[in-house]
Amino acid sequence: MPRTDKLVIAISSRALFNLSDSHRVFEEQGLEAFSAYQVEHENDVLEKGDAFPLVEKFLQINQRLEGNPRVEVILLSRNSADTGLRVFNSIEHYGLDITRAAFCNGDSPYRYIAPFGCHLFLSTDGQDVRRALEQGVAAATLVAGGDRWREDDTLRFAFDGDAVIFSDEAEQIFKRDGLAAFAASERASAQQPLGGGPFKGFLEALQQLQAEFTPESCPIRTALVTARSAPAHERVIRTLRAWNVRIDESVFLGGLPKGEFLRAFGADVFFDDQPAHCASAAEHVATGHVPHGIANLEGQS
């Protein structure tokens with residue numbers, strides 16, 4: 001997959017803006033009625049969506065660094081270019097520096113993720129997210145929930161560990177054999193680094209961007225927020241050390257609910273593979289479900 005020296009996030013129009021009204025028209029009346037609705041309202045500014053605060057903070061990073069822009073947001077949409085005019089009018093209204101887009105007129109836009117060189121894809125469409133993950137791109141389905149607004153300018157990413165940053169090899173043991181077997185396996189494998197999960201590459205790219213700032217001035221902060229506890233913590237720490245990846249904060253919860261800790265961290269977005277954890281976290285912070293690993297195979301045919 002092509003890569004540039006930029007950190008590139010792809011986002012769907014329904015994640016960036018609140019398109020619930022027009023989407024309801026599409027579901028109830030079809031594509032033709034939807035197109036007519038969008039054209040009729042193309043000068044009406046769309047309300048901000050769940051991912052808007054994240055995108056706004058992300059783009060502000062370019063104002064802190066000299067030279068060529070170091071981050072970019074790509075818009076991927078199932079709208080046509082004609083109906084997408086309302087989306088671009090709203091982008092202009094809010095002053096977002098988004099200039100590249102793919103409008104697919106009802107089809108999935110996931111196939112453009114790789115050509116654009118995207119490191120992360122955020123959408124409200126779970127199927128598009130799964131297809132992006134299959135392409136090797138970090139991707140998550142945004143979960144509707146509570147408050148999305150954080151007062152400061154620091155962009156805070158929080159990640160679950162297993163099946164997100166790391167592979168789900170340890171989680172498979174937990175699911176199959178239980179907590180005691182999981183703890184014993186992790187203790188025995190403490191010196192053996194875990195395999196990489198779907199968000200390893202994004203975390204590495206994020207760290208490269210962080211390295212362009214001094215620790216005091218960096219507008220990006222990362223956290224690992226995991227249900228693991230001692231002794232299963234050691235393998236995680238040694239894995240990150242082996243990868244030469246630094247995470248600003250690590251919280252080992254031992255099974256406690258994550259929501260209040262994510263709020264305390266001030267996460268702009270949290271990524272987790274477990275649907276139940278995502279639903280709980282979404283009451284506190286913007287949350288992306290990563291449909292990857294054994295937790296997302298249960299109940300599927």
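Buried means under 20% relative accessible area, exposed means over 50%, and partly exposed is in between (1.4 Å probe, protein chains only). This is a predicted model, where local features need pLDDT of at least 70 and side-chain atom pairs count only at pLDDT 80 or more, while totals for chains, interfaces and linings use all residues. Residues are numbered from 1 along each chain as its sequence is written, and side-chain values use heavy atoms, with hydrogens and water left out.

**Exercise 1.** Work out how Arg156 pairs with Asp152 and whether each is buried or partly exposed.

Step one: grab the rule, a side-chain nitrogen of Lys or Arg within 4 Å of a carboxyl oxygen of Asp or Glu for a salt bridge. Step two: the closest N and O atoms of Arg156 and Asp152 are 2.7 Å apart, so by that rule they form a salt bridge. Step three: Arg156 is buried at 16% relative accessibility, whereas Asp152 is partly exposed at 32%.

**Exercise 2.** Do the same for Lys258 and Asp272, then place them in the chain.

First, their side chains meet in a salt bridge at 2.7 Å, N to O. Next, Lys258 sits in the loop between strand E10 (249-252) and helix H11 (259-265), and Asp272 in strand E11 (residues 269-272), so the pair ties together parts 14 residues apart in sequence. Helices (H or I, at least four residues) and strands (E, at least two) are DSSP runs, numbered from the N terminus. Finally, Lys258 is buried at 7%, and Asp272 is buried at 0%.

**Exercise 3.** Find which residues are joined into one network by salt bridges that share partners.

Follow the shared partners: the network holds Lys57, Asp152, Arg156 and Asp268.
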